[in-house]
Amino acid sequence: MESTPDHAARFATATLSHLGREYPYKMDLVLNGPEDAKPPREHHPIFHGSFDWHSCVHGWWQILRLARRFPDLPVAAETRARADAMLVPEKVAGELAFLNRPYSASFERPYGWAWLLALHAEAERHDAPWAAALEPLAAAFAARFHAFLPKLTYPLRVGTHFNIAFALLLARRWAETRDPALINLIDARARDWFAGDRDCQAWEPGGDEFLSSALTEAHLMAAVLGEDFTHWFDAFLPRAASEQPATLFTPATVSDRSDGKIAHLDGLNLSRAWSWRAIAAALGPAHRVSPVAEAAVQRHLAAALPHVTGDYMGEHWLASFALLALDGL
């Protein structure tokens, strides 16, 4: 399954409706003094919508990608006009100024950092000045990865924004044609943290997770290990061909989509579909796990795609993960 014009119109229409919606908004902010108590748009000239900074960033990634893939849709023209107004040097300078504030070193680390790099990479695929405008911001976050990864002694395996494997997947894709040193650093750290992992128990999902710790790790290692991935995977999930651990093959139940944390589980189903698809591709069609992985993709998509829109607590971010599940990065 891939995204269709119907998906594009539905997702982009919803996302355009909240990219500039300033409230409700969850700030990631350390107040250094009373002068910092000001509205979101004064801190974030571009990314002040979609409930929080990172959701706004990957909302922009999503609509730019859909505009490129479906350029004749009316929402594509609206996207381009919005980008012309917002993705400009003076607004990027405001975002950079926020990063340079005291106590901002861990702002959006590492999830927002990675999504900003993904947005920059997508913007470069358009015949427009948006990528050039965003380049200083991308450079700032790449520098933060360079500084942070060597001192991260232990991996962050949680299924929420702090998951390091997810961030490195996105950052690695950006670095492929831009920053060979970052590729080398990511690959070395991934091997340090994950190369020895065996017989993963997959104690998941947690009640508010939108990433599979196990599958996101395997997804990253598929990119890092290349031809050696199959050997590593067979030791990491040795019973996967028998659909064990069963939790990795079973879509999560979402009991209340108006609860922002519980709604994360729709994202888990979508991100699992994305990761299982990538894992199957890396293993190849002849591998015994590939058929059950592909079946798991379809189950997770069926569980989540109908719920991408409908309640703002999911609607402000889920379309980006639906696009990953359908089309990949």
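What follows is a chat between a visitor and a guide about salt bridges, helix contacts and burial in a predicted model.

Visitor: Let's start with R157 and E217. What makes this pair a salt bridge?

Guide: The N to O distance between the two side chains is 3.0 Å, and the cut-off for a salt bridge is within 4 Å. So the pair qualifies as a salt bridge. R157 sits in the loop between α7 and α8 and E217 in helix α10, so the bridge ties together parts that are 60 residues apart in sequence.

Visitor: Why is E217 called buried?

Guide: Its relative accessibility is 3%, and buried means under 20%, so E217 counts as buried. R157 comes out at 35%; that lies between the limits of 20% and 50%, so R157 is called partly exposed.

Visitor: How do you know that D234 and R288 form a salt bridge?

Guide: Their N to O distance is 3.9 Å, and the rule asks for within 4 Å, so they count. The two are 54 residues apart, with D234 in helix α11 and R288 in the loop between α12 and α13.

Visitor: Are D234 and R288 buried or exposed, or what else are they called?

Guide: Partly exposed, both of them. D234 has a relative accessible area of 25% and R288 has 49%. Exposed would take over 50% and buried under 20%, so each value falls in between.

Visitor: What about R172 and D187: what makes them a salt bridge?

Guide: The closest N and O atoms are 2.7 Å apart, and the cut-off is 4 Å, so this one is a salt bridge too. R172 is in helix α8 and D187 in helix α9, so the bridge joins parts 15 residues apart in sequence. Both residues are buried. They also belong to a salt-bridge network with R173 and E176. Over the model, the count comes to 18 salt bridges.

Visitor: Why are α8 and α9 called roughly antiparallel?

Guide: Their axes cross at roughly 155°. Angles over 145 degrees count as roughly antiparallel, so that is the label for α8 and α9. The axes come within 9 Å, and the crossing is left-handed. R172 and D187 turn up again here, among the contact residues, along with others including L168 and W174 of α8 and I183 and F194 of α9. By class, the contact has 12 nonpolar, no polar and two charged residues.

Visitor: And what makes α10 and α12 oblique?

Guide: Their axes cross at roughly 40°. That is not under 35 degrees, as roughly parallel would need, and it does not reach the 65 to 115 range for roughly perpendicular, so the pair is oblique. Here too the axes come within 9 Å, and the crossing is left-handed. Contact residues include L215 and H219 of α10 and W274 and I279 of α12. This contact divides into eight nonpolar, three polar and one charged residues.

Visitor: One last residue, F98. How do you know that it is buried?

Guide: F98 has 3% relative accessibility, and the limit for buried is under 20%, so F98 counts as buried. F98 is found in helix α5. Setting aside neighbours within four places in sequence, its contacts include M27, L29, H43 and F107. The C-alpha atoms of F98 and L268, by contrast, are separated by 30 Å.

Conventions
Residues numbered from 1 in each chain as written. Predicted model: local features only at pLDDT ≥ 70, side-chain atom pairs only at ≥ 80, totals over all residues. Heavy atoms only, no water. Helix = DSSP H or I, 4+ residues; strand = E, 2+ residues; numbered from the N terminus. Buried < 20%, exposed > 50% of the residue type's maximum accessible area, 1.4 Å probe, protein only. Axes fitted to C-alpha atoms, helices over the stretch in contact; angles between N-to-C directions. Left-handed = near helix turned anticlockwise from the far one by under 90°. Contact = heavy atoms within 4.5 Å. Nonpolar A, V, L, I, M, F, W, Y, C, P; charged D, E, K, R; others polar.
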